[in-house]
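Student: I have a structure to read and would like to know what lies behind the terms used for it. Can we go through them one by one?

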Amino acid sequence: MVQFQEVTKQSALHPKPAGLVLQYGTAGFRTNAKLLDHIMFRMGLLATLRSKKTKATIGVMVTASHNPEEDNGVKLVDPMGEMVTPTWEVYATQLANAEQDDLLASLKDIIEKESINMSQEANVFVGKDTRSSSVSLSKAVLDGVSALAGHNYGLVTTPQLHYMVCCQNTQGEYGEATMKGYYTKLSQAFIQLTKNASNCTDDQKHLSVDGANGIGALKVREMESHLKKELHISLFNDGSTGKLNHQCGADFVKVQQKPPTGMNSGERCCSFDGDADRIVYYYTDSEGRFHLLDGDKVATLISTFLKELLTQAGLDLEMAVVQTAYANGSSTNYLEDTMKVTVRCTKTGVKHLHHAAQEFDIGVYFEANGHGTVLFSKAAEEKIQRLAEDSSVANERKRAALLLRSTIPVINQTVGDAISDMLLIEAILAIKGMTIQQWDAIYSDLPNRQLKVKVADRRVIDTADAERRAVSPKGLQEAIDSLVRKYREARSFVRPSGTEDVVRVYAEAETQESADSLAHEVSLAVYRLAGGVGGEPEPL
Ligand code: G16
């Protein structure tokens, strides 16, 4: 077949280094950019097959998000803007690891297993972040789809690409599949929603944003003009001088628990990550103490706001908050015990949280690292709409229903989106007349610490119970259990990262000293029992 001849010809220009094996991880393939050319080409092929199979537009985003500048990566986006379905993650790994001579056979195998009609048209949207390697790597993706009609969006945030795919596949029902469409939808919804905030001063409308020297900085600048001064943004780490994610960005702020460089963090601030799908907030108080409001605090703020409105509207809709093992214990307790909200825990990776959130009328999902959004079921949206239009309901109920209805379009429901989350948070704070200090005071985080341990092969660690328990290597979980028993209000777990070649260690306890010491002791246990390399972890 002509198509296969073209694949053979093109793939010779994107050869696979013999013996290299890579896995479709937490958020796609991710490693040093130099190893990814053949992967990109092959993901272009796979996205084309997925498009033919689903008869819909598929997205390919070239980014390594929070990873350092020299890394890159790629993830596939399914028709409704969600992460690609797990069966196709398996195909992605299969195709990525087929040796050069076996590529065609591997491709044909997928076509056969999925009964793909190769004469079906395909459409693939491709986007990239600001990494220097993204230019040639996104070209490699396009080579993979070149025989077919691809649409290259060029520089976009990851959630913008998810949004475009969903708009395209809903024939515009979700929005217009252009950058202008994205800015217009979100900004108009934000302006409409914040009309419900009374007496908002200019100071309260001001926010400092750390763009992580990445794509989010470019895009927040573009968004600003659409906001009609309803939000005044001071942008830092805009990419003009600094390096991507270096000493800045949401991952740095969350893990280091300190403000990014180049920013005065005295007031309300937020940080995006390298592809703008995560957001964390923070401020430094008058005594110089840094306060982080991470994804758990964001989930609490949003779910409190929604729950209050549901109660006022008298709407019987089931709302849940979905978290991962990284969620601070205080947040889970607050949500369950004080707010009486259903809480679910899933494995790390927004794809897992997203699916769990879909099981509820309203699913608020956030990873502690600031990655998350809110999902409304179709039925929930319709109920809210009906109530908002019902002229017979009393004033308070009506106001709540109208507020709920205005909240929905501010949210990018396809995936976590730093720009959309920022607008939602800003609107909620304005409507509730709440300062960042009051938001922070909803509950107090248990002190915590995250560390990374280098091991020869991180796959030796296997976990269960939403990654809260290690089932291998032998003896590791017992070691963690006995270390945890030494501290008050303590908890710890370890898991292999799906985006970096490390094992992640999380610990929380009553005091920061205890959390630090527990994290260090657990790191040592990982190092000793799971084949650590590069020297034993030092105490903090
Ligand atoms: C990706 C995923 C997130 C995950 C993070 C870290 O984020 O989308 O869901 O929390 O990686 O994953 P891991 O601990 O497995 O390395 P991003 O922002 O880097 O795309």
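Tutor: This is a predicted model. Start with the ligand: the space it takes is the largest cavity.

Student: What makes that space a cavity and not a pocket?

Tutor: In a cavity a 1.4 Å probe fits but cannot get out, whereas a pocket is an open set. The space taken by the ligand is of the cavity kind.

Student: Which residues surround the ligand most closely?

Tutor: There are 20 residues around the ligand, and the closest are Ser65, His66, Glu367, Ser497 and Thr499. The shell divides into 2 nonpolar, 10 polar and 8 charged residues.

Student: What makes the approach of Arg30 to the ligand a polar contact?

Tutor: The cut-off is 3.5 Å between N or O atoms. A polar side-chain atom of Arg30 lies 2.6 Å from a ligand oxygen, so the pair counts as a polar contact. For the side chain of Lys75 the distance to a ligand oxygen is 3.3 Å, which is also within 3.5 Å. Gly498 takes part with a polar backbone atom, 2.7 Å from an oxygen of the ligand. The protein buries 98% of the 470 Å² that the ligand exposes when taken alone.

Student: How many aromatic pairs are there in the whole structure?

Tutor: A search finds 11. One pair is Trp88 and Tyr91.

Student: Why is the pair of Trp88 and Tyr91 called edge-to-face?

Tutor: The ring centres are 5.1 Å apart, within the limit of 6.5 Å, so the rings pair. Their planes stand at 85°, and an angle over 60 degrees counts as edge-to-face. Trp88 and Tyr91 are 3 residues apart in helix α3 (residues 86–97), so about one helical turn separates them.

Student: Where is the cis peptide bond?

Tutor: It joins Ser472 and Pro473, with omega about 0°. Pro473 is in the loop between β17 (469–472) and α17 (476–484).

Terms used: Residues numbered from 1 in each chain as written. Predicted model: local features only at pLDDT ≥ 70, side-chain atom pairs only at ≥ 80, totals over all residues. Heavy atoms only, no water. Near = heavy atom within 4 Å. Polar contact = N/O pair within 3.5 Å; in protein donor to acceptor, adjacent residues only side chain to side chain. Areas by Shrake-Rupley, 256 points an atom, 1.4 Å probe, with all protein chains shown as cover. 1 Å grid on protein atoms, 1.4 Å probe; cavity = no way out; pocket = protein on both sides within 12 Å on 5 of 7 lines; lining within 4 Å. Sits in = over half its atoms within 2 Å of the grid points. Nonpolar A, V, L, I, M, F, W, Y, C, P; charged D, E, K, R; others polar. Phe/Tyr/Trp six-rings, centres within 6.5 Å; stacked < 30°, edge-to-face > 60°. Helix = DSSP H or I, 4+ residues; strand = E, 2+ residues; numbered from the N terminus.
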